[in-house]
Amino acid sequence: MSLKYAVLAALLEGEASGYELSKVFDVSLANFWPAAPQQLYRELERLAQDGLVEARTVPQERRPTKRMFTLTEAGRSRLRAFAGEPPKRPTAIRDELLIKIQAMDGGDPAVARALVEERGGWARGKLDRYERVRARLLDGRTEEEYLRTADRIGPYLTLMAGIAFEQENLRWCERVLRILDRRGASPSGGGHAEARSPNGRPSQDGRA
């Protein structure tokens, strides 16, 4: 999927400058489609040339003139068509940390532990941020009330996916750290590894 559809979807929130749109991405879309401000500015110009967004200039006192962008009817039509198409391929994990963990045996376990702790810290930070966004969206309403009455629920549903993703990230990090702690406490370095079934895979009952 190209960035243009993420930009069009973000403009459903209303007219925005490139700077304001970067903030929308940072808050609402970063958990599933991050983009740098420079990428957004370039994409907005392309969308304007294609007639999918409309730009107007707004003079500012003591600041440079800014450009504000809104969806055109052609942009809304293109976005509706895109929303009805199936994704081209399912999500797949592509994570450098997992390669490092795959290769950790025989290395320094303290290094692996530090990497996992760092990832857990990132997950906690993102969860805190997403919870603040959720509180702002709910604005005192219960989740059930919001999902029943809000004009738009798409941003909340994608936020739920981001929260679930980081919660699972955090659970994995915490479990890996417990496993490393148990192995480090063993004289052999592996006496307290997870229970394994006869085929060598972790047993369903051998959870750390």
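# Worked exercises on a predicted model

With a relative accessible area of 25%, Lys-66 is partly exposed. This value, like the others below, comes from a predicted model. Let's start with Lys-66 and work through the chain.

## Exercise 1: A partner for Lys-66

**Task.** Find the residue with which Lys-66 forms a salt bridge, and say which elements the pair links.

**Solution.**

1. Look for a carboxyl oxygen within 4 Å of the side-chain nitrogen of Lys-66. Glu-20 is the partner, and the closest N and O atoms are 3.7 Å apart.
2. Now place both residues. Lys-66 lies in strand 3 and Glu-20 in helix 2, 46 residues apart, so the pair links distant parts of the chain.
3. Check the cover over the partner. Glu-20 has a relative accessible area of 30%, and is partly exposed.

A general idea to keep in mind: side chains of opposite charge can pair when their charged atoms come close.

## Exercise 2: Salt bridges inside one helix

**Task.** Work out how many residues apart Glu-96 and Lys-100 are, and do the same for Glu-168 and Arg-171.

**Solution.**

1. Glu-96 forms a salt bridge with Lys-100, with 3.4 Å between the closest N and O atoms. Both residues lie in helix 5 (residues 96-102), four residues apart, which is about one turn of the helix.
2. Glu-168 meets Arg-171 in a salt bridge of 2.9 Å, N to O. Both are in helix 8, three residues apart, again about one turn of the helix.
3. Why does this spacing work? An α-helix has 3.6 residues a turn, so residues three or four places apart point the same way.
4. Finish with accessibility. Exposed means over 50%, so Glu-96, at 56%, is exposed. Lys-100 is partly exposed at 41%, Glu-168 is partly exposed at 43%, and Arg-171 is partly exposed at 46%.

By the salt-bridge rule, the count comes to 14. Arg-113, Glu-117 and Asp-181 are linked in a network of salt bridges.

## Exercise 3: Helix 1 and the core

**Task.** Decide whether helix 1 is mostly covered or mostly open, and find what it gives to the largest nonpolar core.

**Solution.**

1. Go along helix 1 (residues 3-10). Seven of its eight residues are buried, so the helix is mostly covered. The buried ones are Leu-3, Lys-4, Tyr-5, Ala-6, Val-7, Leu-8 and Ala-10.
2. Ask what covers them. The cover includes helix 2 (18-29), helix 3 (37-49), strand 2 (53-60), strand 3 (63-71) and helix 4 (73-83).
3. Turn to the largest nonpolar core, which has 19 residues; Val-7, Leu-8, Leu-11, Leu-21, Phe-25 and Val-53 touch the most other members. Helix 1, helix 2, helix 3 and strand 3 each give two or more residues to this core. Helix 1 gives the most, with six residues.
4. Zoom in on Val-7. Leaving out residues up to four places away in sequence, Val-7 touches Leu-21, Phe-25, Leu-40, Glu-43, Leu-44 and Leu-47.
5. Another core, of twelve residues, lies apart from the largest one; Val-133, Leu-138, Tyr-156 and Leu-170 are among its members.

The general trend behind such cores is that in soluble globular proteins, nonpolar side chains tend to be buried together.

## Exercise 4: Stacked or tilted?

**Task.** Sort the two aromatic pairs of the model by the angle between their ring planes.

**Solution.**

1. Two aromatic pairs are counted. For Tyr-5 and Phe-82, the ring centres are 4.1 Å apart and the planes are at 5 degrees, so this pair is stacked. The cut-off for stacked is under 30 degrees.
2. Tyr-5 is in helix 1 and Phe-82 is in helix 4, so the pair ties together parts 77 residues apart in sequence.
3. Tyr-5 is buried at 16% relative accessibility, whereas Phe-82 is partly exposed at 24%.
4. For Tyr-146 and Tyr-156, the ring centres are 5.1 Å apart and the planes are at 45 degrees, so this pair is tilted. Tyr-146 lies in helix 7 (residues 143-149) and Tyr-156 in helix 8, so the pair ties together parts ten residues apart in sequence.
5. Tyr-146 is buried at 6%, and Tyr-156 is buried at 1%.

## Exercise 5: The surroundings of Val-116

**Task.** Say where Val-116 lies and which residues Val-116 touches.

**Solution.**

1. Val-116 is in helix 6 (residues 109-138).
2. Buried means under 20%, so Val-116, at 0% relative accessibility, counts as buried.
3. Not counting residues up to four places away in sequence, Val-116 touches Ile-101, Cys-173, Val-176 and Leu-177.

Technical notes: Residues are numbered from 1 along each chain as its sequence is written. This is a predicted model: local features need pLDDT of at least 70, side-chain atom pairs count only at pLDDT 80 or more; totals for chains, interfaces and linings use all residues. Side-chain values use heavy atoms; hydrogens and water are left out. Buried means under 20% relative accessible area, exposed over 50%, partly exposed in between (1.4 Å probe, protein chains only). Contact means heavy atoms within 4.5 Å. A nonpolar core is a set of buried Ala, Val, Leu, Ile, Met, Phe, Trp, Tyr and Cys residues joined through side-chain atoms within 4.5 Å. Rings of Phe, Tyr and Trp (its six-membered ring) pair if their centres lie within 6.5 Å; planes under 30 degrees apart count as stacked, over 60 as edge-to-face and the rest as tilted.
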